[in-house]
Amino acid sequence: VLTCPAADAPAETATPALPGFWRIVLQNSGFFEDIEEYDEPVLDFLRDIQCETLEESSPEKIEKTLRVRFLFDRNPYFSNSTLEKVFRTQSRNTYVPHSIDCVISITATPIEWYPGKNVTVEIMVSKKGKCSTRRRPMKQRREEVARPSFFRVFFR
């Protein structure tokens, strides 16, 4: 059952009645095939996605900027409240209004992961050392290994 908050009540999330709404939208969009099972709990904290287009023109070139903002509720995974990706393009042909643009740059907000919460890496534990006759416990070596993730692909 969907309920509407009172008109004067501040919205705590963009979709308070639909938990995981933006995660489901991204998964069903077809554009984000990189969403892994371990990304899903993080994306459940996604409150809103905003998109903004800016255009700068001069006689010799047309530059466009597309800014995509992912707004997150406070979560146990990272400290950022906003993750942003900015695409800057330049028109190859100023005489043809819908010519194919050339990407000039792509920038993304670095994610400030909390210790042990980075879903883009897997902690591999291996035993290090030789087996001795003295029955000493062998040291374990912990190594972070990159793994596929929506956050690794989209925000790098």
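**Exercise 1.** In which loop is Ser-149 found, and is this residue buried or exposed?

*Solution.* Before starting, note that the model is predicted, with local features needing pLDDT of at least 70, side-chain atom pairs counting only at pLDDT 80 or more, and totals for chains, interfaces and linings using all residues. Residues are numbered from 1 along each chain as its sequence is written, and side-chain values use heavy atoms, with hydrogens and water left out.

Step one is to place the residue: Ser-149 sits in the loop between β6 (139-146) and α3 (150-154), where helices (H or I, at least four residues) and strands (E, at least two) are DSSP runs numbered from the N terminus. Step two is accessibility: Ser-149 counts as buried because its relative accessibility is 1%, buried meaning under 20% relative accessible area, exposed over 50% and partly exposed in between, with a 1.4 Å probe and protein chains only.

**Exercise 2.** Which side chain does the side chain of Ser-149 join through a polar contact of 2.6 Å?

*Solution.* The partner is Asp-39; a polar contact is a pair of N or O atoms within 3.5 Å, of which, within protein, one must be able to donate a hydrogen and the other to accept it, while residues adjacent in sequence count only if both atoms are side-chain atoms. A polar atom of the Ser-149 side chain also lies 3.2 Å from the backbone nitrogen of Phe-151.

**Exercise 3.** Where is Asn-75 found?

*Solution.* Asn-75 belongs to the loop between β2 (61-72) and β3 (82-91), and counts as buried because its relative accessibility is 7%. Its side chain reaches the backbone oxygen of Asp-73 at 3.1 Å, and a polar atom of that side chain lies 2.8 Å from the backbone nitrogen of Tyr-77.
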